[in-house]
Each structure stands twice: as C-alpha cells, then as structure tokens.
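Biologist: Could you take me through one part of this model closely, namely the strands and what surrounds them, and set that part against the chain as a whole?

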Amino acid sequence: MAAAAAGGGPTGPIATVLATATAANAARRDALEAGVNDVLTTPFSSVALEVRVRNLLEQARFERELADTFRELQVTHRELQENEAKLLHAERIAGLGNMS
C-alpha cells in the first residue's frame with residue numbers, strides 16, 4: 001500500500017503517515033523505503049500527528065511552488081535563447097550591410 005501511494009498514479013504522490021504498534025527500526029526503515037513519508041508508533045498524541053501532517057502539507061506546497069518556478073524558469077530560458085538567436089541574426093545582417 002505504501003509503495004502504491006508513493007507512486008501516486010494520476011493524482012500524483014500521496015503523502016502518507018503510517019501509524020503502527022511496531023517500534024522495530026527495521027519495520028520503520030522498510031516503511032520509509034517503501035515510500036511512507038513518516039512513521040508514528042503507538043502510543044502517539046494527536047498533537048504529534050497534527051504537526052506531522054501539517055509539515056507534510058507545507059512540504060507539498062513548497063514542492064509545488066518549486067515545480068512552478070522551475071517551469072517558469074524553463075520558459076524564460078527558452079525565450080532568452082530565442083532572443084539571443086534573433087539578436088545574433090540581426091547583427092549578422094547588419095554586418096553584411098556595412099560591408100557594401
């Protein structure tokens with residue numbers, strides 16, 4: 001289940017917090033390696049769960065903002081490359097005019 005949620009499918013990755021009675025480090029490691037974002041062992045407080053979920057939501061928001069900024073930078077970079085090519089072409093044309 002953890003691996004399926006981490007893969008996300010059409011909705012993207014789903015943040016998961018696993019609540020378990022198993023405190024074994026190997027089980028925690030296996031869950032984290034399978035894609036679980038956080039592991040809480042029982043007993044845990046509702047405050048701890050709330051804080052961890054809030055942190056996961058904030059991390060997801062930061063990741064979305066980063067992805068949006070990256071896409072904007074890619075568009076800007078392509079535009080700069082196109083403008084540079086146009087400028088070089090115009091300079092070549094102008095240089096040809098100066099030769100006569």
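Modeller: A contact here means heavy atoms within 4.5 Å. With that in hand, and bearing in mind that this is a predicted model, residues 24 or more positions apart account for 24% of the contacts in the protein chain with a separation of 6 or more. The chain holds 3 helices and 2 strands, and from the N terminus on its elements follow the order α-β-α-β-α. Of its 100 residues, 11% are buried, and the accessible surface comes to about 7,900 Å², with 60% of that area belonging to carbon and sulfur atoms.

Turning to the strands, I would start with strand 1, which covers residues 17-20, and with two of its residues. Leucine 18 lies in this strand and, with residues up to four places away in sequence left aside, touches Ala31, Val36, Asp38, Val39 and Leu40. Between leucine 18 and asparagine 37 there are 8.0 Å in space, C-alpha to C-alpha, for a distance of 19 residues in sequence. Leucine 18 has a relative accessible area of 33% and therefore counts as partly exposed, since that class runs between the limits of 20% and 50%.

Threonine 20 also belongs to strand 1, and its relative accessibility of 19% is the reason why threonine 20 counts as buried, because the limit for that class is under 20%. Its contacts, again without residues up to four places away in sequence, are with Val39, Leu40, Thr41 and Thr42. A polar atom of the threonine 20 side chain also lies 3.1 Å from the backbone nitrogen of threonine 22.

Thr42, one of the residues touched by threonine 20, brings us to a cis peptide bond, which joins threonine 42 to proline 43 with an omega of about -5°. As background, most peptide bonds are trans. Proline 43 itself sits in the loop that runs between strand 2 (38-41) and helix 3 (46-99).

Asparagine 37, already met through its C-alpha distance to leucine 18, leads on to the largest pocket, since Asn37 is among the residues that line this pocket. The others in the lining are Pro13, Ile14, Ala15, Leu56, Gln59, Ala60, Glu63 and Arg64. By class, the lining divides into 5 nonpolar, 2 polar and 2 charged residues, and the volume of the largest pocket is about 240 Å³.

Notes. Residues numbered from 1 in each chain as written. Predicted model: local features only at pLDDT ≥ 70, side-chain atom pairs only at ≥ 80, totals over all residues. Heavy atoms only, no water. 1 Å grid on protein atoms, 1.4 Å probe; cavity = no way out; pocket = protein on both sides within 12 Å on 5 of 7 lines; lining within 4 Å. Points joined across faces, edges and corners; volume = space filled by probe spheres on them. Nonpolar A, V, L, I, M, F, W, Y, C, P; charged D, E, K, R; others polar. Helix = DSSP H or I, 4+ residues; strand = E, 2+ residues; numbered from the N terminus. Buried < 20%, exposed > 50% of the residue type's maximum accessible area, 1.4 Å probe, protein only. Polar contact = N/O pair within 3.5 Å; in protein donor to acceptor, adjacent residues only side chain to side chain. Areas by Shrake-Rupley, 256 points an atom, 1.4 Å probe, with all protein chains shown as cover.
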